[in-house]
Amino acid sequence: PPLSGSAYLARAKQEADANFAEAGSDFARALSSPGITEQEKTVASAGVLKAMKGQAQLLKVQNHFLNQSWAACISAAEALEREVPGHKNSAALLMEARCTQQLGRWADVVRLTGLLLHRVPS
């Protein structure tokens, strides 16, 4: 059975920093659910926009990574960090770490690996 708008909103908030596509879908489901409050609509609307921006930026990171454009991938990953500060998207963090490794920036590899371990729950 479908969840209530509040339940979709709660689930979206949990996913918002790691799984942008799923969070965006859940925020949208919350918006279309009957009985949500105006405050919940405001939160869900903002969540949809943030998730869309995060997903779009993640796609840029992935595209540059797949094309082995290491510096561009790092720039896209840094832009993702600005768009969704403190995000927990492990794929983005791993790709950024790999790019810094390819460029021989070992201190950044260690820093990013530490971020990954700190941010992403096991």
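How many aromatic pairs does a search of the whole structure find? The search finds one. Before meeting it, note that this is a predicted model, where local features need pLDDT of at least 70, side-chain atom pairs count only at pLDDT 80 or more, and totals for chains, interfaces and linings use all residues. Residues are numbered from 1 along each chain as its sequence is written, and side-chain values use heavy atoms, leaving out hydrogens and water.

**The aromatic pair**

A pair of aromatic rings is described by the distance of the centres and the angle of the planes. Here the partners are Phe65 and Trp70, whose rings sit 5.8 Å apart, centre to centre, with 70° between the planes, an edge-to-face arrangement. Rings of Phe, Tyr and Trp (its six-membered ring) pair if their centres lie within 6.5 Å; planes under 30 degrees apart are stacked, over 60 edge-to-face, and the rest tilted. Trp70 is buried at 17% relative accessible area, while Phe65 is partly exposed at 23%. Those words have cut-offs: buried is under 20% relative accessible area, exposed is over 50%, and partly exposed is in between (1.4 Å probe, protein chains only). Both rings also touch Cys99, which meets Cys73 and Ile74 as well, not counting residues up to four places away in sequence; contact means heavy atoms within 4.5 Å.

**Two nonpolar cores**

In soluble globular proteins, nonpolar side chains tend to be buried together. A nonpolar core is a set of buried Ala, Val, Leu, Ile, Met, Phe, Trp, Tyr and Cys residues joined through side-chain atoms within 4.5 Å. The largest one has 13 residues, and Cys99 is among those that touch the most other members, as are Phe20, Leu58, Val61, Cys73, Leu80 and Met95. Helix 3, helix 4 (70-83) and helix 5 (90-102) each give two or more residues to this core, and helix 4 gives the most, with six. Helices (H or I, at least four residues) are DSSP runs, numbered from the N terminus. Apart from this core lies another, of nine residues, including Leu9, Ala23, Phe27 and Val48.

**Charged side chains**

Side chains of opposite charge can pair when their charged atoms come close. A salt bridge is a side-chain nitrogen of Lys or Arg within 4 Å of a carboxyl oxygen of Asp or Glu. The whole structure has seven salt bridges, and the table shows some of them.

| Salt bridge | Closest N to O |
|---|---|
| Asp26 and Arg29 | 2.8 Å |
| Glu81 and Arg119 | 2.9 Å |
| Arg111 and Asp108 | 3.6 Å |

Because Asp26 and Arg29 are three residues apart in helix 2 (residues 20-32), about one helical turn separates them. Asp26 is buried at 0% relative accessibility, whereas Arg29 is partly exposed at 34%. Salt bridges with shared partners join Arg11, Asp26 and Arg29 into one network.

Glu81 and Arg119 are paired by a salt bridge too. This pair links distant parts of the chain, with Glu81 in helix 4 and Arg119 in helix 6 (residues 106-119), 38 residues apart. Glu81 is partly exposed at 26%, and Arg119 is buried at 14%.

Which side chain of opposite charge is nearest to Glu40? The nearest is Lys13, 7.2 Å away, and Glu40 is buried yet has no salt bridge. Glu40 belongs to helix 3 (residues 38-66). Leaving aside neighbours within four places in sequence, Glu40 is in contact with Ser6 and Leu9.

Methods. Lys, Arg positive; Asp, Glu negative; His and termini not counted.
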